[in-house]
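Welcome, and thank you for taking a look at this chain. Let us walk through it together, beginning with the whole and ending with a few single residues.

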Amino acid sequence: PMRRGIKFDFDSGINTPKDIKRALFEAQSPEESECGSPKKKKQDPRRLLSTSAPASISGNNLLGNFEESVLNGRLEPASTVEGFTAEIGASGSFHPKHLTFPVTVFFYTLCENSNVATPYLSHINLGKKGYRVPDKGTIQLTLFNPLGTVVKMFVVMYDLSDMPPNSQTFLRQRTLYMPSDESDSHEDAQKWLRYLIHLRLASSKSGKIYLHTDVRMIIFRKSDLDTAADHESGKGFELRSFTCGPTNPKFS
């Protein structure tokens, strides 16, 4: 049975669905942690659970914290679904072969209101080799549901031609359903979030660039709410994408 009320802090070692499930459902003994259900068996200290983020937050607090809480592994999913897949490709100075990866999906509950759409996190484990991409160009990722229907096609343009060897960075693209005359810095921008993709990139000793470790996507299924909001507001709404990354420093 699914347990509620258990969370985990961000750990760079938690990179696969197996790690996430272990962190969520294998608690420690009282001597090791201040929270979690007691267990006789001693657990790896890297898997410690904590109460740093509530399992459920209502209203605006959750809207403001949901994105980071989910991406950093601080919010417990309500359920897990297998069977999704994703095709990754890239273009630029060369065109790497498109590859298909299995995707594990974690569903979350924003509140008890059944009329509110259920968001989910899609997680792709890229393995040890990662996926090599050009130093600048376009990364394309298409997410498919278990029936083979396209859920979302992400197209991320980037330029990492200044990336030094043996370094890392990330790209995060957020797609908002927003009024055509507003910007992504608006105070309601978090409420407009519909799709997000988080890409982690690393360069090798020779300067080759790879997508590494994993890819994380957040999907909000709000088509009905979007239609209603667009109709009631009388404003022109549209889907717009914004891509950002770290700036100070850009690489680590």
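Accessible areas here come from the Shrake-Rupley method with a 1.4 Å probe. Keep in mind as you read that this is a predicted model. By that method the chain exposes about 13,400 Å², and carbon and sulfur atoms supply 50% of this area. Of the 252 residues, 44% count as buried.

Next, have a look at how the chain is put together. It holds 3 helices and 11 strands. Starting at the N terminus, the order of these elements is β-α-β-α-β-β-β-β-β-β-β-β-α-β. Contacts can also tell you about the fold: take those between residues at least 6 apart in sequence, and 63% of them join residues at least 24 apart.

Now let us follow some of the strands. A good place to start is strand β3, which covers residues 79-92. On one hand, β3 pairs with strand β4 (residues 99-107) in the antiparallel sense, over 8 bridges. A hairpin of 6 residues leads from β3 to β4. On the other hand, β3 pairs with strand β6 (residues 136-144), again antiparallel and over 8 bridges.

Which residues stand opposite Thr85 in these pairings? In β4 the residue opposite Thr85 is Pro102, and in β6 it is Phe144. Finding Thr85 in the model is a handy way to see β3 with both of its partners.

From β4 you can step on to strand β5, residues 120-133. These two strands run antiparallel and are joined by 4 bridges. One residue pair to look for is Thr104 with its bridge partner in β5, His123.

Going the other way, β6 leads to strand β7. The two run antiparallel, with 9 bridges between them, and Leu143 has Lys152 in β7 as its bridge partner. β6 and β7 also form a hairpin, with 5 residues between them. In its turn sits Gly148, which has a positive phi of about 90°.

Our last stop is on β7, which spans residues 150-159 and includes Met157. Is Met157 buried or exposed? A residue is called exposed when its relative accessible area is over 50%. Met157 has a relative accessible area of 66%, so it counts as exposed. Met157 has company, too: together with Val150, Met153 and Val155 it forms a nonpolar patch on the surface. The accessible area of these four residues together is about 400 Å².

Terms used:
Residues are numbered from 1 along each chain as its sequence is written. This is a predicted model: local features need pLDDT of at least 70, side-chain atom pairs count only at pLDDT 80 or more; totals for chains, interfaces and linings use all residues. Side-chain values use heavy atoms; hydrogens and water are left out. Patches are made of residues with over 30% relative accessible area and no salt bridge: like charges are joined within 9 Å, nonpolar side chains (Val, Leu, Ile, Met, Phe, Trp, Tyr) within 5 Å. A salt bridge is a side-chain nitrogen of Lys or Arg within 4 Å of a carboxyl oxygen of Asp or Glu. Buried means under 20% relative accessible area, exposed over 50%, partly exposed in between (1.4 Å probe, protein chains only). Contact means heavy atoms within 4.5 Å. Two strands pair if DSSP finds at least two bridges between them.
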